[in-house]
Amino acid sequence: MSRANIRFYEAEGLLCPARQENGYRDYSEDDLTALLRIRLLRTLELSLDEIRAVQEGRLSLRDALEKRSAELEQEEKRLERTRQVCRELCERSVSYDGLDARRYLDELNRQTAPASVMAAPAPVWHADVATRVRAPLRRWAARLLDWMLFSVLWAVLLGALLHINPTRSMPWSIYAFLVLDWAVEPHLLHRFGTTPGKWLLGLRVVGPDGTPPDEEQARERTNRVLLWGLGLYLPVFSTVRRLMSLKRCVDGDELPWEQETSLVLRDGKRWRTVAAVGAWLVLLACSELASRAAVLPPNRAPLTVAAFAQNYNHYVDYYGYSDTLLLDSEGRNAAAQEEGVFVVMAGSPELNTLPEFDYEVDEDGLLRRVVMTVELPPARRTDWLSVPTVQPMLAAMAMARAQPAYDFLNGSGEHAFFILTEDPFVDYERQLQQVRFSRSLVQQGYLETGMNGLLLPAEDREQSLSFRFCVEVIGK
């Protein structure tokens, strides 16, 4: 007798083993005796309801066996009459075209046992197992939907609420999904017997008694799924465990997490597949929406210098640039005077500082214009230097994305920011909603390179440079 048989009889209430403190079943000699009795009575083809009634004393064993004996006698008579009809048809050499079906059906029906006796007999004991749902594709799709839901919740938390770049956090976000799954799924299984993905695809998890699993069973199932099914998302190990689980599922073997619970299919209606695809698209759109909302700065226009500096520092962190670019509350670079700073300009000590922003505010102290200027008078220099690229881009973002008219849903204007770093030697002017930003560069005696604004001094020539960047609000 297999473990599946034993679990089935326990779910049917025919067997009640004791439980140890660790949750494992403790089968006694009485339990073994009960299993043997159940197997014998099922081999005699007594129904589960009859065995249950005998156990509970509502039906005597003698009455149950006499009833079964009467059924067998009726079945024997029916089989004998069936054999007689077969022999008669053979002896008469009746052809299919000459077969008088009504005559023989009437004879068989007159000698057939009553409907209550002829009801479909219960299956023999080896068929007493809960039907396993393999459906690997449906299982995978349900898990994918749940994973997408967790990823959207995580993206909303990071992007829309905390304004953290989801792309930069992706490596450890996977383990955040793992924690969310571990924390949430057992409660859903215990309370509802399903998760959103499983519910949409008609799947349900049940315990031995056919109801949603208890808290311990639900927790154990989730733990085993995450470890033996998904491999804790660990490289290589996760791939191996997924492939092994897929093979066991296709072969119909018991999965490691379905020893105490079973996955059942309520229905496989076609609309569920269509709804699952629609839900996946909606979740994908929500994830993209949350990612785009994450680019919004913490302060919206109108801005003060301090608020602009906060927005600027937000993008320094959001895109992972060096902390040496951070501004203080007055909009000045806090690291500009630190010895050994090397971020934008390079070369001799007088050039080894960061260029500063100049701010123009109105009578209410609200920021109207931010300007960065670098002027190097003609002189013979042997130092190389780099044209500012990152600082202008961050300043443009801090100003433009703060405007009420900024449409974060439409990403068509985003390239206007990043082009400031892509070709730093070309004069550039662009208007984005209520903000205009421009850049101009005039230099001589330097050789332009393709290395992020790097300028190399030409031999035997004087070098000079004039760089100006401006971002300003052009509307109210």
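Which residues does Phe-437 touch, once residues up to four places away in sequence are not counted? In this predicted model, the list runs to Ala-396, Ala-416, Phe-417, Leu-420, Tyr-428, Glu-429, Arg-430, Leu-432, Phe-469, Cys-470 and Val-471. That makes Phe-437 a handy place to start the tour.

Step back from that side chain and you're looking at the largest nonpolar core, which has 50 residues. Phe-437 is among the members that touch the most others, along with Phe-308, Tyr-312 and Phe-469. Helices and strands both feed this core: helix 12 (305–318), helix 13 (390–400) and helix 14 (415–422) each supply at least two residues, and so do strand 5 (357–361), strand 6 (367–379), strand 8 (428–432), strand 9 (435–444) and strand 12 (463–473). Helix 13 gives the most, with 9 residues. As a rule, nonpolar side chains in soluble globular proteins tend to be buried together. There's also a second, separate core of 14 residues, which includes Leu-201, Val-205, Leu-263 and Ala-276.

Now follow the strands around that first core. Strand 12 is mostly covered, with 9 of its 11 residues buried. Strand 6 runs antiparallel to strand 12, and 9 bridges join the two; one place to see this is Val-374, which stands opposite Phe-467. Strand 9 also pairs with strand 12 in the antiparallel sense, over 10 bridges. Here Leu-441 has Phe-467 as its bridge partner. Put the two pairings together and Phe-467 in strand 12 is opposite Val-374 and is also the bridge partner of Leu-441.

Strand 9 has another antiparallel partner in strand 8, this time over 5 bridges. These two strands form a hairpin with 2 residues between them, and Gln-433 there takes a positive phi near 55°. Beside the turn, Leu-432 stands opposite Val-435 in strand 9. Leu-432 should look familiar, as it is one of the contacts of Phe-437.

A smaller piece of strand architecture is worth a look too. This is an open sheet of 3 strands in the order 7-11-10, with antiparallel pairing. Strand 7 (385–386) and strand 10 (446–448) each have a single partner strand, so one side of each is left without a neighbour in the sheet. Strand 7 meets strand 11 (residues 454–457) over 2 bridges, in the antiparallel sense, and Ser-386 stands opposite Leu-454.

Next, the empty space. The largest pocket has a volume of about 580 Å³. Of its 21 lining residues, the closest to the centre are Pro-136, Arg-139, Trp-140, Arg-143 and Leu-230. Helix 6 (136–161), helix 9 (215–229) and helix 10 (237–251) are the elements that give two or more residues to the lining, and helix 6 gives the most, with 7. By class, the lining has 14 nonpolar, 2 polar and 5 charged residues.

Between two of those pocket helices, helix 9 and helix 10, a loop holds Tyr-233. Its backbone is a bit of a curiosity: phi is near 60°, a positive value in a residue other than glycine. Is Tyr-233 buried or exposed? Its relative accessible area is 15%, so Tyr-233 counts as buried, given that the cut-off is under 20%.

Glu-45 makes a good companion case. Phi of Glu-45 is near 70°, again positive in a residue other than glycine, and Glu-45 sits in the loop between helix 2 (29–43) and helix 3 (48–56). With a relative accessible area of 25%, Glu-45 is partly exposed.

Two prolines in loops round off the tour. Pro-213 lies in the loop between strand 3 (203–206) and helix 9, and its relative accessibility is 0%, so Pro-213 counts as buried. What is Pro-213 in contact with, leaving aside its neighbours within four places in sequence? The contacts are Leu-189, His-190, Val-205, Val-206, Gly-207, Ala-218 and Thr-261. Val-205 you've already met, in the second core. The C-alpha atoms of Pro-213 and Glu-260 are separated by 8.5 Å, although the two residues are 47 apart along the chain.

The other proline is Pro-302, in the loop between helix 11 (270–293) and helix 12. Pro-302 is joined to Ala-301 by a cis peptide bond, with omega about 0°.

Methods. Residues numbered from 1 in each chain as written. Predicted model: local features only at pLDDT ≥ 70, side-chain atom pairs only at ≥ 80, totals over all residues. Heavy atoms only, no water. Core = buried A, V, L, I, M, F, W, Y, C linked by side-chain atoms within 4.5 Å. Buried < 20%, exposed > 50% of the residue type's maximum accessible area, 1.4 Å probe, protein only. Helix = DSSP H or I, 4+ residues; strand = E, 2+ residues; numbered from the N terminus. Contact = heavy atoms within 4.5 Å. Pairing = 2+ DSSP bridges. 1 Å grid on protein atoms, 1.4 Å probe; cavity = no way out; pocket = protein on both sides within 12 Å on 5 of 7 lines; lining within 4 Å. Points joined across faces, edges and corners; volume = space filled by probe spheres on them. Nonpolar A, V, L, I, M, F, W, Y, C, P; charged D, E, K, R; others polar.
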